[in-house]
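User: I am new to this structure and would like a close look at a single part. Please choose one helix and describe it together with what lies around it.

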Amino acid sequence: MTTVLPDVSRLPADPSLISLTYRHEHPVQAFEFDDALEIWKVTARIDADVLAEDLAAHSDVDEETLDAVEDVAVGRMSFARVRMFGPDDPFEAMDSHSQDLCRIGETVLDVACGQWDAACEEALAHPVGDLLVMDRVILEPAWRGFRLGLILAGAAIRRLSSGCTAVACEPGSADGREMSQAQHREAAAELGQMWSAIGFEPFQSGVYLLDCHLQRPQDLLTERQKEFTALCSAWRQIHSLP
């Protein structure tokens, strides 16, 4: 079932031009938990050259205007891939990185042995493989309200989750706003409901899991991609573009 989206004329640019850039660095000689934890930074943006090319193709603008076009920031995401069968303890690796990863690790792993928690194993269809943690998904204010976070996160998960058993997240506000405990709880509940639209299900202690071995997340992402296609078409129609 598709969702009616807000006024697409508010979007700052054609969403079909958005691309994702993935960045992961690691030393050749592993240090501390480099073999157990991969940190991926994902940037969503519209490249200046792509935007200028699109403007030149569909509008009568001069060269000076095209030269002044800059990248359009859409959002940013971060993911952590936890190697479950590497040389290091996966929970210790998560604990060493941040409190957020530590809380998720305490929920889905058996801290004593560094393997999947029994309840987590029971919840997953085939609990063999790595864990991918969706740590942050933050959109620029101008791009919020169009469910773009779902399609961007879903697209990134498809690229990063190969060989993973599950994707975990702990829904909560990540853009630095000051919030009370009640507001945090309300935001977490709303975000949890939102992330269910790409296959995340509540597990325990505020942690949600997406089972990589189920068909449902793939079907839901296909639905979100259809919504995104409709959003792009609506934007181009408003701006009289083919």
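## One helix and its surroundings

Analyst: Of the 13 residues of H6, 10 are buried, so this helix is largely enclosed by the rest of the structure. Buried means a relative accessible area under 20%, exposed means over 50%, and partly exposed is in between (1.4 Å probe, protein chains only). Helices (H or I, at least four residues) and strands (E, at least two) are DSSP runs, numbered from the N terminus.

The model is predicted: local features need pLDDT of at least 70, side-chain atom pairs count only at pLDDT 80 or more, and totals for chains, interfaces and linings use all residues. Residues are numbered from 1 along each chain as its sequence is written, and side-chain values use heavy atoms, with hydrogens and water left out.

The buried residues of H6 are Leu 148, Gly 149, Leu 150, Ile 151, Leu 152, Ala 153, Gly 154, Ala 156, Ile 157 and Leu 160. The helix runs over residues 148-160, and at 1.5 Å a residue it should span 18 Å; its end C-alpha atoms are 18 Å apart, which agrees. The expected span is 1.5 Å times one less than the number of residues.

Next comes the sheet on which the helix lies. It is an open sheet of 7 strands in the order E1-E2-E3-E6-E7-E9-E8, and its pairing is mixed. Strands E1 (19-23) and E8 stand at the edges with a single partner strand each, so one side of each has no neighbour in the sheet. From one strand to the next, the twist averages 30°. Two strands pair if DSSP finds at least two bridges between them. E2 and E3 pair over 10 bridges in the antiparallel sense, with Leu 37 opposite Val 82 in E3.

H6 packs on this sheet and touches E1, E2, E3, E6 and E7, and its direction makes about 40° with that of E3. Such axes are lines fitted to C-alpha atoms, for helices over the stretch in contact, and angles run from 0 to 180 degrees between N-to-C directions.

The helix also belongs to a nonpolar core, which is a set of buried Ala, Val, Leu, Ile, Met, Phe, Trp, Tyr and Cys residues joined through side-chain atoms within 4.5 Å. The largest such core has 43 residues, and Ile 46, Phe 79, Met 134, Trp 143 and Phe 200 have the most contacts inside it. Two or more residues each come from E2, helix H1 (48-58), strand E3 (72-82), strand E6 (130-139), H6, strand E7 (164-169), E9 and helix H8 (215-238). H6 gives the most, with 8 residues.

Phe 79 links the helix to its surroundings through contacts, that is, heavy atoms within 4.5 Å. Not counting residues up to four places away in sequence, Phe 79 touches Ala 153, Ala 156, Ile 157 and Leu 160, and also, among others, Ile 39, Trp 40, Leu 132 and Met 134. A second, separate core of 23 residues includes Ala 80, Phe 91, Met 94 and Leu 109.

Ile 39 is placed in strand E2 (residues 37-46). With a relative accessible area of 23%, Ile 39 is partly exposed. Beyond its neighbours within four places in sequence, Ile 39 is in contact with Arg 23, His 24, Phe 79, Ala 80 and His 97.

Ser 78 is in strand E3 and is buried, with a relative accessible area of 6%. Leaving aside neighbours within four places in sequence, the contacts of Ser 78 are Trp 40, Lys 41, Val 133, Met 134, Asp 135 and Arg 136.

Phe 200, named above for its contacts in the largest core, counts as buried at 0% relative accessibility. The structure holds 1 aromatic pair. The rings of Trp 195 and Phe 200 have centres 6.4 Å apart and planes at 70°, so the pair is edge-to-face. Rings of Phe, Tyr and Trp (its six-membered ring) pair if their centres lie within 6.5 Å; planes under 30 degrees apart count as stacked, over 60 as edge-to-face and the rest as tilted. Trp 195 also counts as buried, at 6% relative accessibility.

At one edge of the sheet, strand E8 (residues 201-204) pairs with strand E9 (residues 207-211) in the antiparallel sense over 3 bridges. Gln 204 stands opposite Val 207 in E9. The hairpin of E8 and E9 has 2 residues between the strands, and Ser 205 takes a positive phi near 50° there.
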